[in-house]
Amino acid sequence: HPYGSTPYVRAGLFPVLSEYSTIENLGLSNVHLEGVNVPNTDPNHVTDTMGAFVGCVEDYDSDMGFDSHDGPGNREKVNDPIFQDKTLKIKNSFVDHNSYISAYFTGGFIGSPYSATILENCLFTGSIGGHESDPYYTGALTGCDSTYATQLRGCVVFPTTDKLPVV
């Protein structure tokens, strides 16, 4: 996919999703996604973003006034009913222990939620690899959450790797 004229990789069951999307009651098994998991020095390639369900969530919440440097302020905004209607939701879903995901931005469910999302009653038992020198970019449920506003409700993580943080 081009980002301007620069190629990038977004991988998942849905490489990119946007507002008003819901994934519900879905289980994934034997997922294997592997991209570049180090800072990419090639000026002709933007860093890879991968998650079993969603590679990245389109940045639709800029109209809500989210600031990537204001986590507490962003968390207050997610309770706005308008925002709740628009938010991507993944509910009652799982990724099993036979799954492996690795990229620069890696999440068991979402590689990078550039917008706030809701994960509810989800289970991850797979393994992840990623940008190990900065765990901000890698997590068992979501990768790089620049809005600090993703909501996790009743989710459980039993990763099969102990190299990286689980959330």
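Which residue in β19 stands opposite E120? I began with this question in the predicted model, and found that the residue facing E120 is R153 in β19.

**Entry 1: strands around β15**

I then followed the pairing outward from that position. Strand β15, residues 117-120, is joined by four bridges to strand β10, residues 88-91, and the two run parallel. Within this pairing I noted K89, which stands opposite I118 in β15. On looking up strand β19, residues 151-153, I found three bridges to β15, again in the parallel sense. As a reminder to myself, strands of a sheet pair through backbone hydrogen bonds, either parallel or antiparallel.

**Entry 2: the sheet β4-β9-β14**

Next I looked up an open sheet of three strands, which come in the order β4-β9-β14 with parallel pairing. Which strands stand at the edges? They are β4 (14-17) and β14 (110-113), and because each has a single partner strand, one side of each is left without a neighbour in the sheet. From one strand to the next, I read an average twist of 10°. Between β4 and strand β9, residues 54-57, I found three bridges, the two strands running parallel, and here F14 stands opposite V54 in β9.

**Entry 3: F53**

I turned to F53, which is found in the loop between β8 (49-51) and β9. Is F53 buried or exposed? Its relative accessible area is 0%, so I entered F53 as buried. I also checked a distance across the chain: F53 and G108 are 55 residues apart in sequence, while 7.9 Å separates their C-alpha atoms.

**Entry 4: aromatic rings**

A search of the whole structure gave me four aromatic pairs. The one I wrote down in detail is formed by Y104 and F105, with 5.0 Å from centre to centre and 75° between the planes, an edge-to-face arrangement. Both Y104 and F105 are buried. Which residue joins Y104 and F105 in one aromatic cluster? I found that it is Y137.

**Entry 5: a nonpolar patch**

On the surface I looked up a nonpolar patch of about 350 Å², and recorded that F94, L123, V156 and F158 make it. Of these I followed L123, whose place is in strand β16, residues 123-124. The relative accessibility of L123 is 32%, and therefore I classed it as partly exposed.

**Entry 6: positive phi values**

Lastly I went through two backbone angles, bearing in mind that most residues other than glycine have a negative phi. Where does N25 lie? I placed N25 in the loop between β5 (22-24) and β6 (27-28), and its phi is near 55°, a positive value in a residue that is not glycine. With a relative accessibility of 58%, N25 counts as exposed, since the cut-off for that class is over 50%.

N121 also has a positive phi, of about 55°, although N121 is not a glycine. I located N121 in the loop between β15 and β16. Its relative accessible area is 41%, so I entered N121 as partly exposed. This loop brought me back to β15, whose residue E120 stands opposite R153 in β19, and to β16, where L123 has its place.

How values were computed. Residues are numbered from 1 along each chain as its sequence is written. This is a predicted model: local features need pLDDT of at least 70, side-chain atom pairs count only at pLDDT 80 or more; totals for chains, interfaces and linings use all residues. Side-chain values use heavy atoms; hydrogens and water are left out. Rings of Phe, Tyr and Trp (its six-membered ring) pair if their centres lie within 6.5 Å; planes under 30 degrees apart count as stacked, over 60 as edge-to-face and the rest as tilted. Buried means under 20% relative accessible area, exposed over 50%, partly exposed in between (1.4 Å probe, protein chains only). Patches are made of residues with over 30% relative accessible area and no salt bridge: like charges are joined within 9 Å, nonpolar side chains (Val, Leu, Ile, Met, Phe, Trp, Tyr) within 5 Å. Accessible areas come from the Shrake-Rupley method with a 1.4 Å probe; for residues, only the protein chains shown count as cover. A salt bridge is a side-chain nitrogen of Lys or Arg within 4 Å of a carboxyl oxygen of Asp or Glu. Two strands pair if DSSP finds at least two bridges between them. Axes are lines fitted to C-alpha atoms, for helices over the stretch in contact, and angles run from 0 to 180 degrees between N-to-C directions.
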